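I opened this entry to work through a two-chain model. I wanted the contact between the chains, then each chain alone, then a few chosen spots.

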Amino acid sequence: MSDTNLLALARSVAGAARDGEQIEAYAVRSRDVDVKVFDGEVESLAVAEIEGVGIRVIAGQRQGYAWAGSLDADVIADTLADARDNAGFGSPDEFYGLADPASFADRTATSLDLWRDDLLAVPTAEKVALAIELDALTKAIDPRVRGVESATYGDAAVESAVATSLGVEVANRRTMCSCSAYAMAGLGVDTRTGSGFSAARTFSELDPEKAARDAAERAVRLLGATQPRSQRLPVVLDPLVTRSIVALVGGALSAEAVQRGRSLFVGRDGEEVAASNITLVDDPTDPESFGAAGHDAEGVPTHRYELIGAGRLRGFLHNSYTARKGGTVTTGSAVRGGFKSPPGVGARALHLRPGAMSPEAILASVPEALYVQSVSGLHSGTNPVSGDFSVGADGLMVRGGEFAEPVREITIASTLQRMLLDVVHVGADLEWLPGGAAGMTVLIGDMSIAGA
Amino acid sequence: MIDDAVLQRTLHEALRSGGDFAEVFAEDRRVASARLDDTKVEEFVSGRERGAGIRVVRGETTGFAHTADLSEAGLRSAAEAAAAAASAAGPGETRVVPLTRRSVTPTHDVRVLPESVAKVRKAEMLERADHAARAESDAIRQVSATYADARRQVLIANSDGLLVGDDRVRTRFGVNCVAVGDTGMQTGFEAPGRTIGFELFDEIEPEEVARVAARRALTMLDARPAPRGKLPVVLKRGAGGVLFHEACGHGLEADLVDKDASVFRGRVGELVASPLITLVDDGTYAREWGTYAIDDEGAPAQRNVLIEDGVLTDYMWDLVRARKEGRASSGNGRRETYQDLPMVRMTNTFLLEGDDDPDAIIRDTPYGLYCVALGGGQVNTATGDFVFGITEAYMIEHGEITEPVRAAQLIGNGPETLRLVDAVGSDFDTWAGTCGKDGQGVPVSSGQPTLRVAELTVGGTAGE
């Protein structure tokens, strides 16, 4: 079953298109290993091979989709029949249609090498050993670390192919691995936690020591944290927090959200939407980014795209549907959440253009600030339509460029619109992180802190 | 789905090289959904997933493998892989008890299987919601509606001789509206769900769901910035259950307690909450979103009392943690799909009714926040700090509900917040949601009467 040629399979499904019908077939196979260690022992070790197919059918300006967690021939035949049947019940929409290769014949896909054979050659025992080592390393960094809730290792080798009845044929493969630790310091209600991780394309590039150090240091430096009074303060965002917020902004820059009036950027095209030091780029052709891909989910070559340039909104991310509807061309930004849903629109490798200042210089640039180490409730506390932003946070006060007392049980609030305009410094410390975006230290001039 | 004799042989294969416990969890899941957006019914989506997850437990170690191939050969190779994965630990004690099929008493009947309903009828529900939402006001500029059903047939066999199956059907309907006014755009969302079939629409009208969502968005257009800092918070019935799900529910999951990653560890028998609080996790509550007859390890769902009159009575258990403690599972072992390992999860987590008149709770609050709808939340069980988002809330001034306030996050500490509940009403309602833990999402509900927390930190922007 693991020998199935995915592209041949997708091609044969797409080839079944009847007159007046368009078919897109996506086939994927992933081999995963997941290790979880607790207290020096393997808690669980899972080895898996996951296969699946997703089929999109467009006929009579209607669209249908069906998927199955199997690549068996009879299952695929049933799935195609389901997709055809599903296409009979939606509303007609003149803009439905697959990406037409003629419309992007002038674009060349960036050749990216995202697959490492050596990851697959690493014996499982070594992966287990790395997670056990990570658990021990985390405890060894500081005696105040009283436990590690989990030390994990995980990897995935993903192969996929997409073929359409319009002649798109693209096969991709990539490897990824990561390890993470979650440290606990302090006792009972005075417990503080911190996480650390390392992610790479292959095993030898992982840095468990960094993961252990980050987890331990982040937990320990919050010991003794108290709830500060409510106030307004400049806020310094940790690169991980910046990453999450940039990803949220990227979601609101999808043409799908904008065309449906469901984005804070509706009607803002060409306007100043951010401080002049903000240039936001999506560049899936950057091999350093974890979301790198030479083609998008519809098989269109990807390219570097500037969404916000020096504070001005330059444009939105498009797939072929939103481009057709908006009278423009696709930006190669069709993305898939897997084989269980049709392609949508989204960013793969978002990053702010780094500034010139180091994190230390940013901390020293204001007399007093709040350093936000981590946020919680990002999804329940942010609204990409209204722009309302209010999330839980913990971190440290910063005075005179130095970390001062730790704080907890606070929220930081503003609106996404304000925050973009209030960015004072973008750090030089760009770091690619899993999650479709890069992070760096960022200073926001003014946010509302709720506490005691 | 799989022949009994094949299951028996697969379990033997899983324990051939040793182990304390082996299990086959097989599943056949069919899902269907449709979405309306911008007045158009988008594509219908249907999916099917079939497969089995096999685990082998040796000492503290669990080996796990899964396969989409339910033939005897496919199961055998998954069993071998799980056994090899578990071999990181010692050999363990090997025994496989002959399988005995156990019958399951469903908590309720499913009357209309969604797969038997024509797709046009599902599309009709979406269109009815769209019309009703737009009819509320010209300010409603965008409406999306989603319909989703899922049928999950499961079969569980383990080396203790358990053989049991279940057939679960869930249906959910949601509406999301965008309202546009002078102050910008606001959203309103409402999404009831039940563990029943298409008869969901005998109980809820698509129009009514749409109107609730539309009015919520319209209300928010007039909202002023939420207050900032500590104040009394009154939670309307049904709106605040998620607070207890986060504030203490997760901290009462035995896997986190066992890892010393819960502030409630070692506190059974102690007063951990206001004596007004009795908290249950009830997987048997008929037709509720988090209900099932058996959990994903084959243990019957139970009504478990977690906190009684403020005293911590018990944690929630799955099979692995329960075996370690030499006790029975509480029926809380769940997994998202056969590709996931089970862990301790909540079902329907309810704070039970008290004696206070809900209106009197508001009247007796000189100044505070009244929460009518909540978004999701999150908790760090090791510290007890939790957050949850409000999506519809009003100020209470001089005992009266006054102006609406914009969305904001509330933050608190679990053990502290439980002590600060100072009024519990005599009404009750529930709320359906998806709970995420370790990357797995499962349907849960939470419920509670109208109640007041004397003090919570509200993460607004107003007030200098």
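**Entry 1: between the chains.** I began where strand β3 (residues 62-68) of chain A pairs with β3(B), in the parallel sense, over five bridges. I looked up one partner: W67(A) is bridged to G47(B) in β3(B). The model is predicted, and I noted the predictor's scores for the complex, an ipTM of 0.93 and a pTM of 0.95. Chain B averages a pLDDT of 95, and 98% of its residues score at least 70.

Next I took the contact as a whole. On chain B, 70 residues are in contact with 64 residues of chain A. Which strand gives the most to the side of chain B that touches chain A? I found strand β3 (residues 44-58) of chain B, with eight residues. The residues on that side of chain B divide into 25 nonpolar, 27 polar and 18 charged.

**Entry 2: chain A overall.** I counted 10 helices and 20 strands in chain A. Its C-alpha trace spans about 70 × 55 × 35 Å along the principal axes. The radius of gyration is 24 Å, which agrees with the value near 22 Å for a compact globule of 452 residues. Of those 452 residues, 56% count as buried. Among chain A contacts between residues at least 6 apart in sequence, 70% join residues at least 24 apart.

**Entry 3: one helix and one loop residue in chain A.** I checked helix α6 (residues 239-252) of chain A. Its 14 residues reach 20 Å from first C-alpha to last, close to the 20 Å expected at 1.5 Å a residue. Buried residues in α6(A) include V241(A), I245(A), V249(A) and A252(A). An α-helix has 3.6 residues a turn, so residues three or four places apart point the same way. The buried set also includes T242(A), R243(A) and S244(A).

Then I went to D286(A), in the loop between β8 (280-282) and β9 (305-309) of chain A. Is D286(A) buried or partly exposed? It counts as partly exposed, because it has 18 C-beta neighbours inside 10 Å and the buried class starts at 20. Leaving aside neighbours within four places in sequence, D286(A) is in contact with A292(A) and A349(A). I also looked up T110(A): it is 176 residues from D286(A) in sequence and 9.2 Å away, C-alpha to C-alpha.

**Entry 4: chain B overall.** Chain B has 10 helices and 24 strands. Its radius of gyration is 24 Å, close to the 23 Å of the globule rule for 464 residues, so chain B is as compact as a globular protein of that length. I boxed its C-alpha atoms along the principal axes and got roughly 70 × 55 × 35 Å. Of the 464 residues, 61% count as buried. Residues 24 or more positions apart make up 75% of the chain B contacts with a separation of 6 or more.

**Entry 5: the strands around β7(B).** I followed the partners of strand β7 (residues 162-181) of chain B. Strand β5 (residues 100-101) of chain B runs parallel to β7(B), joined by two bridges. There R101(B) stands opposite L163(B). Strand β6 (residues 140-158) of chain B pairs antiparallel with β7(B) over 17 bridges. One partner pair is Q142(B) and V178(B). The β6(B)-β7(B) hairpin has three residues between the strands, and G161(B) takes a positive phi near 95 degrees.

I then looked at strand β8 (residues 184-190) of chain B, which pairs antiparallel with β7(B) over seven bridges. A hairpin through two residues joins β7(B) to β8(B). V178(B) turns up again here, opposite T187(B) in β8(B). Strand β9 (residues 193-194) of chain B is antiparallel to β7(B), with two bridges. T171(B) has R194(B) as its bridge partner in β9(B).

**Entry 6: a six-stranded sheet and Q448(B).** The sheet is open, with mixed pairing, in the order β13-β12-β11-β16-β23-β22 (chain B). Which are the edge strands? They are β13 (311-312) and β22 (429-437) of chain B, each pairing on one side only. Inside the sheet, strand β16 (residues 348-351) runs parallel to strand β23 (residues 440-448), both of chain B, through three bridges. F350(B) is bridged to G447(B) in β23(B).

Last, I picked Q448(B), in strand β23 of chain B. Q448(B) counts as buried, with 32 C-beta neighbours inside 10 Å. Its contacts beyond four places in sequence include L235(B), R237(B), F244(B), F350(B) and L351(B). The C-alpha atoms of Q448(B) and L351(B) are separated by 4.8 Å, with their positions 97 residues apart along the chain.

How values were computed: Residues are numbered from 1 along each chain as its sequence is written. Chains are lettered from A and ligands numbered from 1 in the order in which they are written. This is a predicted model: local features need pLDDT of at least 70, side-chain atom pairs count only at pLDDT 80 or more; totals for chains, interfaces and linings use all residues. Two strands pair if DSSP finds at least two bridges between them. Helices (H or I, at least four residues) and strands (E, at least two) are DSSP runs, numbered from the N terminus. pLDDT is the predictor's confidence in each residue, from 0 to 100. Two residues are in contact if their C-beta atoms, placed from the backbone, lie within 7 Å. Ala, Val, Leu, Ile, Met, Phe, Trp, Tyr, Cys and Pro count as nonpolar, Asp, Glu, Lys and Arg as charged, and the others, Gly among them, as polar. The radius of gyration is taken over C-alpha atoms; the globule rule is 2.2 Å times the number of residues to the power 0.38. A residue is buried if 20 or more other C-beta atoms lie within 10 Å of its own, exposed if 12 or fewer, and partly exposed in between; C-beta atoms are placed from the backbone. The expected span of a helix is 1.5 Å times one less than its number of residues.
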